Amino acid sequence: MDEQKKDAQKMEEERTYDLIFICRPATPEEDINKIISTLEHSTAEHGGKIEKTERWGTRRLAYRVAKHREGFFVYMVVKSTQGDLIKELERRLKVSDPVIKYQTIRLDEELKRQQKLGKHRERRASRRPRKQAPGAPAPSAPPPQQQVPAPAAE
């Protein structure tokens with residue numbers, strides 16, 4: 001019974017993905033818009049949502065991809081509870097002629113890991129006092145203030 005609850009909880013957990021794809025540099029703007037709208041439609045069908053879409057424009061590639069030295073980059077942030085959505089988006093990118101390369105990265109796992117490491121560091125830091133760097137003077141009490149005698153009243 002616990003197993004089923006855990007599975008149901010995992011299915012409902014919203015995940016965040018980075019999706020970057022590169023189109024041929026000579027691809028017309030309308031074809032790129034068509035690819036983006038297709039991806040948006042598929043995302044909506046599978047119950048996900050696209051948080052952000054950025055067109056980075058034509059950039060030089062680090063190495064040749066499909067005989068091209070440049071490519072038109074598009075960056076998207078996708079949120080979904082369905083793992084099948086990413087498979088569908090990647091399938092659509094794979095069969096799309098203008099797309100020469102794509103990559104999807106799951107972000108929420110990395111964010112959870114970073115938060116866990118941060119909590120761990122804070123816990124360790126609170127357990128032990130900070131060590132001083134060698135050669136640094138030890139913190140001393142502030143110098144005592146000298147009292148100035150009050151002027152005698154006449």
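This passage walks through the pocket, the nonpolar cores and the salt bridges of a predicted model.

Start with the pocket. The largest one comes out at a volume of about 170 Å³. Its lining is made up of Ile20, Ile22, Leu61, Ala62, Tyr63, Val65, Phe73, Lys101, Tyr102 and Gln103. Three strands each give two or more residues to that lining: β1 (15-23), β2 (49-65) and β4 (99-106). Of the contributing elements, β2 gives the most, with 4 residues. Sorted by class, the lining holds 8 nonpolar residues, 1 polar and 1 charged.

Next come the cores. In soluble globular proteins, nonpolar side chains tend to be buried together. Here the largest nonpolar core has 17 residues, and Phe21 and Leu39 are the ones that touch the most other members. Two or more residues of this core come from each of β1, α2 (29-45), β3 (68-80) and α3 (84-95). Phe21 is worth a look in the viewer. Setting aside neighbours within four places in sequence, Phe21 is in contact with Ile35, Ile36, Leu39, Phe72, Phe73, Val74, Met76, Leu93, Val99, Lys101 and Tyr102. There is also a second, separate core of 5 residues, and Ile22, Leu61, Val65 and Phe73 are among them. Those four names turn up in the lining of the largest pocket as well.

That leaves the charged pairs. Searching the whole structure gives 7 salt bridges. One of them pairs Arg55 with Glu29, with the closest N and O atoms 3.4 Å apart. This pair ties together distant parts of the chain, since Arg55 sits in strand β2 and Glu29 in helix α2, 26 residues apart. Are these two partners buried or exposed? Neither label fits: Arg55 has a relative accessible area of 39%, so Arg55 counts as partly exposed, and Glu29, at 42%, is partly exposed too.

Another salt bridge joins Glu51 and Lys49, where the closest N and O atoms are 3.7 Å apart. Glu51 is partly exposed at 43% relative accessibility, and Lys49 is also partly exposed, with a relative accessible area of 44%.

The bridge between the side chains of Arg106 and Asp108 spans 2.9 Å from N to O. Arg106 is partly exposed, with a relative accessible area of 28%, whereas Asp108 has a relative accessible area of 7% and is therefore buried, the cut-off being under 20%. Finally, salt bridges with shared partners link Glu88, Arg91 and Arg92 into one network.

Key: Residues are numbered from 1 along each chain as its sequence is written. This is a predicted model: local features need pLDDT of at least 70, side-chain atom pairs count only at pLDDT 80 or more; totals for chains, interfaces and linings use all residues. Side-chain values use heavy atoms; hydrogens and water are left out. On a 1 Å grid over the protein atoms alone, a cavity is a set of points where a 1.4 Å probe fits but cannot get out, and a pocket is an open set with protein on both sides within 12 Å along at least five of seven lines; lining residues have an atom within 4 Å of a point. Grid points are joined across faces, edges and corners, and a volume is the space filled by probe spheres set on the points. Ala, Val, Leu, Ile, Met, Phe, Trp, Tyr, Cys and Pro count as nonpolar, Asp, Glu, Lys and Arg as charged, and the others, Gly among them, as polar. A nonpolar core is a set of buried Ala, Val, Leu, Ile, Met, Phe, Trp, Tyr and Cys residues joined through side-chain atoms within 4.5 Å. Buried means under 20% relative accessible area, exposed over 50%, partly exposed in between (1.4 Å probe, protein chains only). Contact means heavy atoms within 4.5 Å. A salt bridge is a side-chain nitrogen of Lys or Arg within 4 Å of a carboxyl oxygen of Asp or Glu.
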